[in-house]
Amino acid sequence: MSGNKKILVLPGDGIGKEVMQEVLNIIDWMAKNKSIEFDISERLVGGAAYDQEGDSISDKTMEEAIKSDAVLFGAVGGSKWDNVERSKRPEAALLRLRKELDLFANLRPAVVFEALINSSSLKKDLVTDLDILILRELTSGVYFGKPRGIEKINAVEERAVDTQSYSTSEIHRIGKVAFDLAKLRSNKVTSVEKSNVMETGVLWRKVISDLHKKEYNKIKLDHMLADNCAMQLVRQPKQFDVILTDNLFGDLLSDIAAMLTGSLGMLPSASLGALDSNGKRSAMYEPVHGSAPDIAGQGKANPLAMIMSFAMMLKYSFGMNEDSKLIEQSVHNVLSKGLRTPDIKQSHEKAISTKEMGMAIIEELNILSGK
Ligand code: NAD
């Protein structure tokens, strides 16, 4: 058996397959030019897996995911599977992966590239050099709390219930990830909840404050109410470094932060689990965008979110910071040269295809590494 890191590649549906191919080309480049080899296994997920294997993720694929050092995920979904029963729908694969790998920490960086500053919804001076990280708790809270359901009250009325629930240990473990990430950045965490009106918010604030006092008192900690945070993100986003928040607020706030950066095609993400007794942490890396059926198969997809998700994998799963930076620098340089896929081009600019963008990144990798 080789000692290479094992990556499970799950391209999925629609543009997932197209953008993943560009990452596989970079992996080939790394093998040829830097002698960095990974053990890659590729399997079906989402609608493609449903069509061939009868479920959006098979037990065999799930086993492979558990054995791998990291999972690289494209995107799933499409109208073809709209009428499939909920538990077998393409998106159910994502929920199963998150649950069985216990991926409780979702990292979504929002970085504004100088070359794309005009794509932001905010004024230039508010977003120049913006670089924030939203850390969202991903496996608990209102999306998972029990009881939940819709019940009949009488002939005309129904009642729907969702339950927001967090335990001390769930808050503690995501808090530790936030403070550890802040150490790698600007040493600042803003913890976000609604302790003014929610019991979970009160416990969240207490646990994070205690953890800060005991283990991380060199890091600056602020607390902010979620509604204020939403406002501050569009008012003065550069005040933040790491925003730590729960599943529901993280879902909303990370989408607001996404719009500050311009396009969905530019946003990577990582989801991390706990360290096991062998020091291994399960992890999955995926672009924020979906399978984009409206442009699938047309060569119009921007592969940069997928490519930057791979760069995050190198950094957070394999500690390959230099190689991760090399890829990020290639992305910066290619954009600075004016190369644009349709989603990020201004009306007067010419667009290039998914493949051409992938090739431009490889070309830049060659230049930066003196090949
Ligand atoms: P989407 O992210 O697929 O697309 C939203 C819009 O952004 C579309 O106009 C699309 O063309 C554009 N876009 C997205 N990624 C792009 C890229 N890389 N380059 C250029 N343009 C890009 O969201 P949607 O349309 O709401 O959903 C489509 C399907 O994807 C649905 O089936 C949905 O359930 C699924 N989905 C999957 C994931 C996932 O796999 N993680 C996430 C979101 C949505």
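For the residue classes used here, Ala, Val, Leu, Ile, Met, Phe, Trp, Tyr, Cys and Pro count as nonpolar, Asp, Glu, Lys and Arg as charged, and the others, Gly among them, as polar. Keep in mind throughout that this is a predicted model.

**Exercise 1. The ligand shell**

Describe the residues around the ligand by class, by nearest approach and by the elements that supply them.

Solution.
- Step 1: Sort by class. The shell has 10 nonpolar, seven polar and four charged residues.
- Step 2: Look for the nearest ones. Of the 21 residues around the ligand, those that come nearest are Glu91, Gly290, Ala292, Asp294 and Asn302.
- Step 3: Turn to secondary structure. At least two shell residues come from β3 (70-75), and at least two from α4 (90-100).

**Exercise 2. Polar atoms facing the ligand**

Find which atoms of Gly78, His289 and Asn302 lie close enough to the ligand for a polar contact, taking N or O atoms within 3.5 Å as the cut-off.

Solution.
- Step 1: Start with the ligand's oxygen. A backbone N or O atom of Gly78 is 3.1 Å from an oxygen atom of the ligand.
- Step 2: Move on to nitrogen. His289 places a polar side-chain atom 3.3 Å from a nitrogen atom of the ligand, while a polar backbone atom of Asn302 lies 2.9 Å from a ligand nitrogen.
- Step 3: Add the surface. The ligand taken alone exposes 800 Å², and the protein buries 68% of that.

**Exercise 3. Reading the sheet**

Work out the strand order of the open sheet, then explain what sets β2 and β9 apart.

Solution.
- Step 1: Write down the order. The 10 strands run β2-β1-β3-β12-β11-β4-β5-β10-β8-β9, and their pairing is mixed.
- Step 2: Go to the ends. β2 (38-42) and β9 (220-225) each have a single partner strand, so one side of each is left without a neighbour in the sheet.
- Step 3: Check the twist. On average, neighbouring strands are turned by 20° against each other, direction ignored.
- Step 4: Zoom in on one edge. β8 (residues 188-193) and β9 run parallel and are joined by six bridges; Glu193 has Leu225 in β9 as its bridge partner.
- Step 5: Place the helices. α4 packs on the sheet, touching β1 (5-12), β3 and β12 (281-287), and its direction makes about 155° with that of β12. α9 (residues 247-261) also packs on the sheet, where it touches β4 (105-111), β5 (131-137), β8 and β10 (242-245); its direction is about 160° from that of β5.

**Exercise 4. Three local details**

Locate Ser195, Pro147 and Asp129, and say what can be noted at each.

Solution.
- Step 1: Ser195 sits in the loop between β8 and α7 (199-215). A polar contact of 3.2 Å links its side chain to that of Arg205. Beyond four places in sequence, Ser195 touches Gly201, Val202, Arg205 and Leu225.
- Step 2: Pro147 belongs to strand β6 (residues 145-152). The peptide bond between Lys146 and Pro147 is cis, with omega about 0°.
- Step 3: Asp129 is in the loop between α5 (124-127) and β5. Its phi is near 65°, a positive value in a residue other than glycine.

Methods:
Residues numbered from 1 in each chain as written. Predicted model: local features only at pLDDT ≥ 70, side-chain atom pairs only at ≥ 80, totals over all residues. Heavy atoms only, no water. Near = heavy atom within 4 Å. Polar contact = N/O pair within 3.5 Å; in protein donor to acceptor, adjacent residues only side chain to side chain. Areas by Shrake-Rupley, 256 points an atom, 1.4 Å probe, with all protein chains shown as cover. Helix = DSSP H or I, 4+ residues; strand = E, 2+ residues; numbered from the N terminus. Pairing = 2+ DSSP bridges. Axes fitted to C-alpha atoms, helices over the stretch in contact; angles between N-to-C directions. Contact = heavy atoms within 4.5 Å.
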